[in-house]
Amino acid sequence: MTRDDLFNTNASIVATLTAACAQHCPEAMICIISNPVNSTIPIATEVFKKHGAYNPNKIFGVTTLDIVRANTFIAELKGLDPARVNVPVIGGHAGKTIIPLISQCTPKVDLPQDQLTAVTGRIQEAGTEVVKAKAGAGSATLSMAYAGARFVFSLVDAMNGKEGVVECSFVKSQEADCAYFSTPLLLGKKGIEKNLGIGKISPFEEKMIAEAIPELQASIKKGEEFVKNMK
C-alpha cells in the first residue's frame with residue numbers, strides 16, 4: 001500500500017474524528033499517528049479551524065517511531081543500549097522527509113560518511129524494510145504501538161506537571177520553509193510549551209532538509225486542499 005493509498009483511506013477518517021473532537025472535546029490533546037502524517041496533521045488543523053477550536057499547541061503528529069528506529073540502529077552499530085541513545089529526528093514522517101540528526105546524538109557518535117549515509121537511508125526506509133520482511137502480509141504494528149504509547153505517556157507526564165519532557169513531533173512550525181515541521185518540543189501542561197528548534201546541524205543534514213522541503217510542502221498542501229474541498 002502506497003502513501004497515496006493511505007491518504008485515500010485515512011484522510012476522511014481523520015477529518016471525521018477530528019471534527020467530532022473539535023465539537024465535543026475542543027480542549028483535548030490530539031495525537032495523530034495515522035499515515036500519511038505529513039498530510040493528516042494539516043487535515044486536523046484545517047478541520048479544527050473550521051470549527052473555531054484550533055490551538056496549534058495541542059495537535060501533534062506522532063513521529064516517535066522514527067526516533068525509536070534511529071536509536072535502535074545507532075545502538076546496534078556502536079554496541080550501545082538503545083534505551084540510553086537519543087537521536088532527534090526532524091522534518092516529516094515519510095521517506096526522505098525523515099531527517100535523523102545523528103550529529104546531535106546522545107551519547108555522541110562518530111560514523112564515516114558511507115556508514116552515516118547507509119544508516120540514514122535505513123532509518124528513512126525502515127517501514128519498507130518491515131513490509132518486505134513480512135512479505136506483504138502487513139506493516140509495522142508492535143513497534144508502532146510502542147512508539148505511540150511512548151509519545152502519549154510523555155505528553156501525559158508533562159500535562160501532570162513533570163518538567164523537562166521533550167519529544168519530537170510534526171506540528172505547526174516556523175522552523176523551516178514549510179508550515180509544519182517536526183523538531184524536539186518541550187511539552188507542558190497545555191501541550192507545546194516551547195519549540196526547541198533544529199539546533200546546530202551538519203552540512204549533510206542541511207542538505208537533507210533542503211531536499212525534504214518540496215515533498216513536505218506538497219504533502220501539506222494535499223491535506224489542506226482535502227479539507228477545503230470537503231462537502
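**Figure 1. Lysine 222 in helix H7 of the predicted model.** Lysine 222 has its place in helix H7, which covers residues 203-228, in a structure that is a predicted model throughout. With a relative accessibility of 33%, lysine 222 falls between the limits of 20% for buried and 50% for exposed, and it is therefore classed as partly exposed. When its neighbours within four places in sequence are set aside, lysine 222 is in contact with Asp4, Phe7 and Ser39. Tyrosine 180 is 42 residues away from lysine 222 along the chain, and the C-alpha atoms of these two residues are separated by 13 Å. Tyrosine 180 also falls within the range of strand S6, residues 180-188, a strand taken up again in Figure 4.

**Figure 2. Threonine 40 and the cis peptide bond before proline 36.** Threonine 40 lies in helix H2, a helix that spans residues 37-50 and is preceded by a loop leading from strand S1, residues 30-32. Because its relative accessible area is 1%, under the limit of 20%, threonine 40 counts as buried. Apart from its neighbours within four places in sequence, the residues in contact with threonine 40 are Val14, Ile32, Ser34 and Asn35. Asparagine 35, one of these contacts, is joined to proline 36 by a cis peptide bond with an omega of about -5°. Proline 36 itself is found in the loop between S1 and H2. As a general background to this view, most peptide bonds are trans.

**Figure 3. The cis peptide bond between threonine 106 and proline 107.** A cis peptide bond, with omega at about -5°, joins threonine 106 to proline 107. Proline 107 is located in the loop that runs between strand S4, residues 98-100, and helix H4, residues 113-124.

**Figure 4. Strands S5, S6 and S7 and their antiparallel pairing.** Strand S5, formed by residues 166-172, is mostly covered, with 5 of its 7 residues buried, and strand S6 is likewise described as mostly covered, with 9 of its 9 residues buried. S5 and S6 pair in the antiparallel sense over 7 bridges, and within this pairing valine 166 has leucine 186 in S6 as its bridge partner. S6, residues 180-188, also pairs with strand S7, residues 191-195, again in the antiparallel sense, over 4 bridges. The connection from S6 to S7 is a hairpin of 2 residues, and glycine 188 stands opposite glycine 191 of S7.

**Figure 5. Valine 130 in helix H5.** Valine 130 lies in helix H5, which is made up of residues 126-133. Its relative accessibility of 23% is the reason why valine 130 counts as partly exposed, since the limit for buried is under 20%. Leaving out its neighbours within four places in sequence, valine 130 is in contact with Arg69, Ser139 and Ala140. Alanine 140 is 10 residues from valine 130 along the chain, and the C-alpha atoms of the two are separated by 6.1 Å.

**Figure 6. The whole protein, as a setting for the close-up views.** The secondary structure amounts to 7 helices and 7 strands, which follow one another along the sequence in the pattern α-β-α-β-α-β-β-α-α-α-β-β-β-α. A compact globule of 231 residues would have a radius of gyration near 17 Å, and because the protein has 17 Å, the two values agree. Taken along the principal axes, the box filled by the C-alpha atoms is roughly 50 × 40 × 35 Å. Of the 231 residues, 47% count as buried, while the protein exposes about 11500 Å², of which carbon and sulfur atoms supply 55%. Among the contacts with a separation of 6 or more, 64% are accounted for by residues 24 or more positions apart. The protein has 24 positive and 23 negative charges, and the mean positions of these two groups are 3 Å apart.

Terms used: Residues are numbered from 1 along each chain as its sequence is written. This is a predicted model: local features need pLDDT of at least 70, side-chain atom pairs count only at pLDDT 80 or more; totals for chains, interfaces and linings use all residues. Side-chain values use heavy atoms; hydrogens and water are left out. Two strands pair if DSSP finds at least two bridges between them. Buried means under 20% relative accessible area, exposed over 50%, partly exposed in between (1.4 Å probe, protein chains only). Contact means heavy atoms within 4.5 Å. The radius of gyration is taken over C-alpha atoms; the globule rule is 2.2 Å times the number of residues to the power 0.38. Accessible areas come from the Shrake-Rupley method with a 1.4 Å probe; for residues, only the protein chains shown count as cover. Lys and Arg count as positive and Asp and Glu as negative; His and the chain ends are not counted. The place of a charge is taken as NZ of Lys, CZ of Arg, CG of Asp or CD of Glu.
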